Amino acid sequence: MKKNWVLSQESFDALLEWLAPDRELAGQKYEEIRQRLIRIFTARGCHEPEDLADETINRVANKAGSISEDYVGDPALYFYAVANNIHLEYLRRKPAPTPPIKLDESNDTEEEFRCLEQCLSHLTMESRDLVVRYYQDEKKAKINQRKLLARNLGIGPNALRIRACRIRASLQKCVEKCMGQHFV
């Protein structure tokens, strides 16, 4: 799958403009489409539905400027057509789900926390603060914390979600690598 293209602010703005002239309404449509894409990929048995939904949005945003003037009909249908193609690509590469790290002893847990702290220390202060604040709290407090974090960073909830997910993925790889070095 193409994952080397990064969503730029201009592309995102063009995408929102295509969805609706009113930015607030466009944001609502964007969230509705994203949630529907996640449900579609989940229903199709994909192990990473949010990543696939984000990839779909990135590809549509990449084309939004060129297709928006000539496209007739509901833009959501274009998203779903692109999602079909991404699903076919997913089926061709369909990786096995990553098994969780099995920890049987309390020493393993302590070692994992030591590795996590070591990996956190390699992050920038901004990334470390973002991921710690993103995953703290529970239930309503977590929701409020994430809204406040997004507002403080001047980004939308989806952009915050993507950033946190990417930081978490890099942390997971780092911890797995660290744990592998200690148990080889």
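Is Glu-55 buried or exposed, and at what relative accessibility? Glu-55 counts as buried, at 7% relative accessibility. The views below come from a predicted model.

**View 1. Arg-59 and Glu-55 pair within helix H3.** Arg-59 forms a salt bridge with Glu-55. The closest N and O atoms are 2.9 Å apart. Helix H3 spans residues 49-67. The two residues sit 4 positions apart in H3, so about one helical turn separates them. Arg-59 has a relative accessible area of 16%. That value is under 20%, so Arg-59 is classed as buried. Glu-55, at 7%, is buried as well.

**View 2. Arg-59 also pairs with Glu-89.** Here the closest N and O atoms are 2.8 Å apart. Arg-59 lies in helix H3, and Glu-89 lies in helix H4, residues 75-93. The pair therefore ties together parts that are 30 residues apart in sequence. Both Arg-59 and Glu-89 are buried.

**View 3. Glu-111 and Arg-114 form a salt bridge in helix H5.** The N to O distance is 2.8 Å. Helix H5 covers residues 106-122. The partners are 3 residues apart in this helix, so they are separated by about one helical turn. Glu-111 is buried, with 17% relative accessibility. Arg-114 is partly exposed, at 35%. Elsewhere, salt bridges that share partners join Glu-55, Arg-59 and Glu-89 into one network. The structure holds 7 salt bridges.

**View 4. Helices H1 and H3 cross at roughly 75°.** Helix H1 runs over residues 9-19. The two axes come within 8 Å. Angles from 65 to 115 degrees count as roughly perpendicular, so H1 is roughly perpendicular to H3. H1 contributes Ser-11, Ala-14, Leu-15 and Trp-18 to the contact. From H3 come Ile-57, Val-60, Ala-61, Ala-64, Gly-65 and Ile-67. By class, the contact has 8 nonpolar and 2 polar residues. It has no charged residues.

**View 5. Glu-48 sits in the loop between helices H2 and H3.** Helix H2 covers residues 23-43. Glu-48 is partly exposed, at 23% relative accessibility. Which residues does Glu-48 touch, not counting residues up to four places away in sequence? The contacts are Tyr-90 and Arg-93. Glu-48 and Ile-38 are 10 residues apart in sequence. Their C-alpha atoms are 8.9 Å apart in space.

**View 6. Ser-127 makes a polar contact with Thr-124.** The contact joins the two side chains at 3.1 Å. Ser-127 is found in helix H6, residues 125-134. Its relative accessible area is 19%. Buried means under 20%, so Ser-127 falls in that class.

**View 7. Arg-133 of helix H6 touches residues further along the chain.** Its contacts are Gln-145, Leu-148, Leu-149 and Asn-152, not counting residues up to four places away in sequence. Gln-145 is 12 residues from Arg-133 along the chain. The C-alpha atoms of Arg-133 and Gln-145 are separated by 7.3 Å.

Conventions:
Residues numbered from 1 in each chain as written. Predicted model: local features only at pLDDT ≥ 70, side-chain atom pairs only at ≥ 80, totals over all residues. Heavy atoms only, no water. Buried < 20%, exposed > 50% of the residue type's maximum accessible area, 1.4 Å probe, protein only. Polar contact = N/O pair within 3.5 Å; in protein donor to acceptor, adjacent residues only side chain to side chain. Salt bridge = Lys/Arg side-chain N within 4 Å of Asp/Glu carboxyl O. Contact = heavy atoms within 4.5 Å. Axes fitted to C-alpha atoms, helices over the stretch in contact; angles between N-to-C directions. Parallel < 35°, antiparallel > 145°, perpendicular 65-115°, else oblique. Nonpolar A, V, L, I, M, F, W, Y, C, P; charged D, E, K, R; others polar.
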